[in-house]
Amino acid sequence: MTRRFLFVLGSARQDGNTELLARRAAEQLPADVEQRWIDLAGHPLPDFEDLRHDSDHTRPTEGNLALLLDATLAATDLVIASPLYWYAVSAHTKRYLDHWSGWLRTPGLDFKATLAGRTLWGVTALAHEEGEVADPLVGTLSNSAAYMGMRFGGVLLGNGSKPGDVLNDAEALARAKTFFAQEPPLARFPYEAE
């Protein structure tokens, strides 16, 4: 299967540090790898309404929800590029992930089966020297991948607060050069670790 990367940008800022770092990593992908970039701020999603016990979900056929659903289903590699906001993913990103709950319950969609075996990656910029403060964000993505039966490539961390700061993080830029070259393992919940 030809690799198709979907970069889901979750920042509230255009051309922010997280996007800059994600683009540096994406530059290393082979030329024949398809890349699609969707900015959630430019394609806002409605708040998720949990209808699990009330009615069946219907497949969105137009608008931003349909765009994101179709792009997600088409991707072999899904990159969540969310800055660290209050030690977790951004509100835009969380809303996108919340809609996965509805897509899981949409008749005929087979959302979980389709994503199983594909790869989830993360990219984030944080304004903190110690990367451990991003553990909640990493956990959100890792556990989401485990639930979906996906592979998890980890999270590329970079340091930056003001626009462009991440370009001064030499270690992050070096990691970006090989980030997508690894063969990611099947995601596991922490309690499943060996």
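Look at where helix α2 meets helix α3 in this predicted model: from α2 come Leu65, Leu68, Leu69 and Thr72, and from α3 come Tyr96, His99 and Trp103. Sorted by class, this contact holds five nonpolar residues, two polar ones and no charged ones. How do the two helices lie relative to each other? Packed helices are described by the angle between their axes and by the distance between those axes. Here α2 (residues 63-74) and α3 (residues 91-104) pack at about 80°, and their axes are 11 Å apart. Angles from 65 to 115 degrees count as roughly perpendicular, so α2 is roughly perpendicular to α3.

Now stay with α3 and turn to another partner, helix α5. The angle between α3 and α5 (residues 135-148) is about 10°, with the axes 12 Å apart. Anything under 35 degrees counts as roughly parallel, and therefore α3 and α5 are roughly parallel to each other. On the α3 side, the contact is made by Leu97, Trp100 and Leu104, while α5 brings in Thr140, Leu141, Tyr147 and Met148. This contact of α3 with α5 has six nonpolar residues, one polar residue and no charged ones. Tyr147 also has something else going on: the charged end of lysine 112 sits over the ring of tyrosine 147, 3.9 Å from its centre.

Next, follow the chain out of α3 into the loop between α3 and α4 (111-115), where you'll find threonine 106. Is threonine 106 buried or exposed? Its relative accessible area is 5%, and that makes it buried. If you skip residues up to four places away in sequence, threonine 106 touches His57, Thr58 and Arg59. For a sense of distance, pick out glycine 154, which is 48 residues away from threonine 106 along the chain: the C-alpha atoms of the two are separated by 28 Å.

Time to move to helix α1. Seven of its 10 residues are buried, so α1 is largely enclosed by the rest of the structure. The buried ones are Asn17, Thr18, Glu19, Leu21, Ala22, Ala25 and Ala26. What covers them? The list includes the strands β1, β2 (34-39), β3, β4 (119-126) and β5 (151-159), along with α6.

One of those buried residues deserves a visit of its own. Glutamate 19 belongs to α1 (residues 17-26), and with a relative accessibility of 12% it counts as buried. Apart from neighbours within four places in sequence, glutamate 19 is in contact with Leu9 and Gln14. Just before the helix, in the loop between β1 and α1, comes aspartate 15. Aspartate 15 isn't a glycine, yet its phi is positive, at about 55°.

Tryptophan 86 shows a positive phi too, near 50°, and it is also a residue other than glycine. You'll find tryptophan 86 in the loop between β3 (77-81) and α3. Where aspartate 15 got no accessibility figure here, tryptophan 86 has one: its relative accessibility is 79%, so it counts as exposed.Finally, let's talk about aromatic rings. A pair of rings is described by the distance between the centres and the angle between the planes. The count comes to 14 aromatic pairs. One of them joins phenylalanine 7 and phenylalanine 180: the ring centres are 5.9 Å apart and the planes are at 80°, so this pair is edge-to-face. Phenylalanine 7 lies in strand β1 (residues 4-9) and phenylalanine 180 in the segment after α6 (170-176), so the pair ties together parts that are 173 residues apart in sequence. Both of these phenylalanines are buried.

Which residues does phenylalanine 180 contact? Leaving out neighbours within four places in sequence, phenylalanine 180 is in contact with Arg3, Phe5, Phe7, Ala25, Ala26, Leu29, Val79 and Trp121. Its relative accessibility is 5%, which is why it counts as buried. Ring pairs also link Phe5, Phe7, Trp37, Trp121, Phe179 and Phe180 into a cluster. And Trp37 has a charged visitor: arginine 23 lies over the face of tryptophan 37, at 3.9 Å from the ring centre.

Key. Residues are numbered from 1 along each chain as its sequence is written. This is a predicted model: local features need pLDDT of at least 70, side-chain atom pairs count only at pLDDT 80 or more; totals for chains, interfaces and linings use all residues. Side-chain values use heavy atoms; hydrogens and water are left out. Axes are lines fitted to C-alpha atoms, for helices over the stretch in contact, and angles run from 0 to 180 degrees between N-to-C directions. Helices (H or I, at least four residues) and strands (E, at least two) are DSSP runs, numbered from the N terminus. Angles under 35 degrees count as roughly parallel, over 145 as roughly antiparallel, 65 to 115 as roughly perpendicular and the rest as oblique. Contact means heavy atoms within 4.5 Å. Ala, Val, Leu, Ile, Met, Phe, Trp, Tyr, Cys and Pro count as nonpolar, Asp, Glu, Lys and Arg as charged, and the others, Gly among them, as polar. Buried means under 20% relative accessible area, exposed over 50%, partly exposed in between (1.4 Å probe, protein chains only). Rings of Phe, Tyr and Trp (its six-membered ring) pair if their centres lie within 6.5 Å; planes under 30 degrees apart count as stacked, over 60 as edge-to-face and the rest as tilted. A charge sits over a ring if NZ of Lys or CZ of Arg is within 6 Å of the ring centre and within 35 degrees of the ring normal.
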